[in-house]
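Hi everyone, thanks for making time this morning. I'd like to walk you through one structure, so please have a look at the sequence and the fold before I start talking.

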Amino acid sequence: FWRQEHIRIMDFYYLPASAPCRAVIMTASAIGIELNKKYLDLFAGEHLKPEFLKLNPQHTIPTLVDNGFAIWDSRAIIVYLAEKYGKDDSLYPKCPKNRAVVNQRLYFDAGTLYQAFVEAYVEKYLFEKPITEEKYKKISTAFEFLNTFLEGQTYVAGSSLTLADISLLATVSSYEVAKYDFSKYSNVSRWYEDLKKVAPAWKENWAGCLEYKKLLER
């Protein structure tokens with residue numbers, strides 16, 4: 001009973017269109033946590049209000065507040081949720097070697113695949129910067145790496161679904177609505193289609209993707 005009460009006071013500041021936010025939502029669903037979602041309108045400057053800056057001085061989303069403890073950055077959040085509330089270690093293995101592979105894939109998502117998305121599509125939307133050949137090359141290189149990771153593998157970091165799959169799924173689904181064609185990366189395409197059928201909260205993730213699509217088409 002105490003555990004459920006504890007979970008109910010977990011506030012989650014987010015935007016549905018954000019891939020990192022959607023990664024947290026899917027992770028929470030996989031673990032069985034119901035988030036108290038608080039929509040944060042960045043365009044209206046709600047992330048710069050003093051009360052939010054006290055929680056997160058970097059004023060970024062997603063931000064999670066668990067019984068007064070605030071943490072941000074989606075990958076830090078999903079690791080925290082899995083370690084604290086996971087029923088077992090399947091999403092985030094305790095074995096140091098297996099965990100290292102999950103971590104590597106998470107860092108790859110943050111620093112390579114999702115970063116390439118930000119530099120291309122997010123900057124185009126926010127700052128009207130053109131998507132150059134160099135930016136497309138970064139994207140293709142990232143997808144080539146992901147395709148290699150998935151060679152002969154059903155999942156991206158082991159024999160079962162992990163946090164790495166969830167985080168990367170949020171990113172790759174964003175590429176889909178941005179109309180980036182990754183079909184030539186056969187392992188990625190196979191993994192993506194399979195994961196859509198089994199990923200927790202996939203429908204909510206896709207609804208957020210469609211919100212992002214509306215922004216791109218403005």
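**Two domains and what lies between them**

Let's begin where the two halves meet: domain 1 and domain 2 bury about 1700 Å² between them, and 69% of that area is on carbon and sulfur atoms. Before I go further, please keep in mind that this is a predicted model.

Which residues supply the most on the domain 1 side? Arg 22, Met 26 and Arg 75 provide 39% of the area that domain 1 buries against domain 2, more than any other three residues. As for the bounds, the domain assignment gives residues 10-85 as domain 1 and 96-217 as domain 2. Their C-alpha centres are 20 Å apart, and the contact draws on 18 residues from domain 1 and 24 residues from domain 2.

Now for the charged pairs. Between domain 1 and domain 2 the count is three salt bridges. Let me show you Arg 75 again, since it forms a salt bridge with Asp 109, with 3.1 Å between the closest N and O atoms. This pair ties together distant parts of the chain: Asp 109 sits in helix α5, residues 96-127, and Arg 75 in helix α4, with 34 residues from one to the other. Are these two side chains in buried or exposed positions? Asp 109 has 0% relative accessibility, so it counts as buried. Arg 75 has 11%, and therefore counts as buried too.

**The sheet in domain 1**

Let's move to the strands. What is the strand order in the sheet? It is an open sheet of four strands in the order β2-β1-β3-β4, with mixed pairing. Strands β2, residues 36-39, and β4, residues 69-72, are at the edges with a single partner strand each, which means that one side of each has no neighbour in the sheet. From one strand to the next, the twist averages 20°.

If you follow strand β3, residues 63-66, you'll find it joined to β4 by four bridges, and the two run antiparallel. Within that pairing, Val 65 has Ala 70 in β4 as its bridge partner. Have a look, too, at helix α2, residues 19-31: this helix packs on the sheet, where it touches β1 (10-14) and β2, and its direction makes about 150° with that of β1.

On the other side of β3 comes β1: four bridges join β1 to β3, again in an antiparallel arrangement. Here Phe 12 stands opposite Leu 64 in β3. Where do the β3 side chains point? Thr 63 and Val 65 go one way, Leu 64 and Asp 66 go the other way, and all are buried.

One backbone detail for those of you who like turns: the hairpin of β3 and β4 has two residues between the strands, and Asn 67 in that hairpin takes a positive phi near 55°.

**More charged pairs**

Back to salt bridges, then. How many are there in the whole model? The count comes to nine salt bridges.

Asp 66, which we just met in β3, is in one of them: its partner is Lys 84, and the closest N and O atoms are 3.8 Å apart. That pair also links distant parts of the chain, with Asp 66 in strand β3 and Lys 84 in helix α4 (residues 74-85), 18 residues apart. The two ends sit in unlike surroundings. Asp 66 has a relative accessible area of 2%, so it is buried, while Lys 84, with 41%, is partly exposed.

For a local pair, look at Lys 196 and Glu 193, whose side chains meet in a salt bridge at 3.2 Å, N to O. They are three residues apart in helix α8, residues 186-198, so about one helical turn separates them. Lys 196 is partly exposed at 21% relative accessible area, and Glu 193 is partly exposed at 39%.

Finally, back to helix α5 and what comes after it. Glu 123, Lys 129 and Lys 135 are linked in a network of salt bridges. Lys 135 turns up again as a contact of Glu 119, which touches Lys 135 and Lys 138 when residues up to four places away in sequence are not counted. Glu 119 lies in helix α5. Its relative accessible area is 19%, and the cut-off for buried is under 20%, so Glu 119 counts as buried.

Methods: Residues numbered from 1 in each chain as written. Predicted model: local features only at pLDDT ≥ 70, side-chain atom pairs only at ≥ 80, totals over all residues. Heavy atoms only, no water. Pairing = 2+ DSSP bridges. Axes fitted to C-alpha atoms, helices over the stretch in contact; angles between N-to-C directions. Contact = heavy atoms within 4.5 Å. Salt bridge = Lys/Arg side-chain N within 4 Å of Asp/Glu carboxyl O. Buried < 20%, exposed > 50% of the residue type's maximum accessible area, 1.4 Å probe, protein only. Domains from an automatic or database assignment. Buried area = accessible area lost by both parts, 1.4 Å probe.
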